[in-house]
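This briefing covers helix geometry and helix packing. Please look over the sequence and the fold before reading on.

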Amino acid sequence: MTAPSRLPPALNIITLATFSASLSARALDPVLPHVAEEFSISIATAAGFAAVFAFAFAIIQPVLGAIADIFGKARLMIVCLMLLGIANILGAVATSFPLLFASRILAGIGSGGVFPIALGLTSDLVGPEKRQIAMGRTLAGAMTGNLLGASVSGLIGDFLGWRGVLAVLGLIVVVASVVVAVAFRGAALTRPPRTSLAALKQGYRTIFANPNARICYSAVFIEGCCVLGLFPFIAAFLFDLGETSLSIAGIVIAGFAVGGLFYTMTVSRFLPRIGVNGMMMTGAAMVGVQLIAVAMGPEWKLQTLSLIFMGWGFYMIHGSLQVFASELSVEARATALSLHAFFFFMGQTIGPIAYGFGIQHAGKVPTLLSAAAVMIALGFVCARLLRQTRPADARPS
């Protein structure tokens with residue numbers, strides 16, 4: 001297997017783009033208690049910011065995937081980076097709950113045009129045999145962004161408040177969009193034939209004719225619900241334990257991204273040894289065990305450790321599902337990966353609502369234990385049902 005150092009240099013630019021976009025993904029989670037206090041709303045209502053960001057990210061995916069396949073992935077990704085930065089800055093100056101809500105919708109749309117499209121570009125650049133490792137590098141950018149976004153937002157929040165968080169991250173993303181645009185001008189990217197509308201319709205038929213599509217898309221929806229749906233409540237859980245520092249909440253949430261970085265550093269070693277099925281089963285089991293640990297309400301240092309292992313396990317199964325999604329179609333690969341993101345972020349939209357309902361009516365422990373059981377079962381189901389197949393529209397070799 002080719003070493004990661006032999007991967008195309010253009011992956012470095014793609015990684016920078018995913019890093020920049022991911023800074024904003026969990027930016028409000030550590031500071032939600034302060035947002036709720038300023039606008040006199042409940043934590044459950046404030047958690048709606050995560051849900052609306054995820055919903056906007058998800059609902060725009062079929063459109064963005066089609067635009068990327070027709071007009072070009074790199075150009076769309078740069079425009080969406082700029083939109084994300086501007087949306088964050090608008091959120092920083094919002095004077096009411098509805099205006100902040102609207103800014104998060106725009107941010108979700110902007111973010112939605114970066115990461116899935118970056119995965120499409122990555123898949124265009126490398127063959128299936130190196131794809132999970134190449135995607136691991138792209139994920140490394142996203143995980144580093146998530147890590148810094150969550151931890152730094154808590155730190156900024158302690159000094160500048162939640163508005164300072166959005167303003168600083170917004171400026172960073174705007175500057176990054178300019179840097180990525182300049183860098184792409186000299187990048188040697190493969191340019192597969194652009195898709196027409198007629199071919200796009202055929203691409204959708206190709207994608208959903210593959211039995212792996214239904215399994216992949218259902219699985220990532222469940223992941224989004226059970227894992228990412230938890231995050232808006234972590235700061236509130238810590239507040240219940242007496243940890244009211246936003247920096248502490250940011251550190252705990254950032255643990256998940258640290259686990260994702262461990263995945264990117266170890267995937268090239270574990271994948272040849274345990275295979276894709278082993279990655280999915282092991283990863284899902286790790287997530288389930290850590291959800292159980294968080295349910296027990298340990299002190300913040302142990303919760304940080306749990307989030308590290310949860311992130312590591314999550315990306316073992318999620319990274320495997322991304323590779324299956326990338327092989328659903330060649331001609332409509334951006335569409336296939338955007339649909340993957342659509343279902344994943346729809347899960348993140350439903351997740352906070354489901355967690356809020358479960359915690360309110362059944363309690364924290366039963367809700368998290370249920371999510372743990374679902375995740376463990378998911379890993380075994382995916383390992384049993386998913387099979388690596390050649391895309392139906394692949395050209396003869």
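The expected span of a helix is 1.5 Å times one less than its number of residues. Helices (H or I, at least four residues) are DSSP runs, numbered from the N terminus. The model is predicted: local features need pLDDT of at least 70, side-chain atom pairs count only at pLDDT 80 or more, and totals for chains, interfaces and linings use all residues. Residues are numbered from 1 along each chain as its sequence is written, and side-chain values use heavy atoms, leaving out hydrogens and water.

**Helix H13**
- H13 (residues 246–295) has 50 residues, but its end C-alpha atoms lie only 20 Å apart, short of the 74 Å of a straight helix at 1.5 Å a residue.
- A kink of about 105° is centred on Gly275 in H13; the bend at a residue is the angle between axes fitted to the seven residues ending there and the seven starting there.
- Gly297, just after H13, has a positive phi of about 70°.

**H13 with H16**
- H13 packs on H16 (residues 364–385) at about 175°, with axes 8 Å apart; axes are lines fitted to C-alpha atoms, for helices over the stretch in contact, and angles run from 0 to 180 degrees between N-to-C directions.
- H13 and H16 are therefore roughly antiparallel (over 145 degrees).

**H4 with H7**
- H4 (residues 48–59) and H7 (residues 97–112) pack at about 40°, with axes 7 Å apart.
- That makes H4 oblique to H7 (neither under 35, over 145, nor 65 to 115 degrees).
- Contacts (heavy atoms within 4.5 Å) involve residues including Phe49 and Phe53 in H4, and Phe101 and Arg104 in H7.

Technical notes. Helix = DSSP H or I, 4+ residues; strand = E, 2+ residues; numbered from the N terminus.
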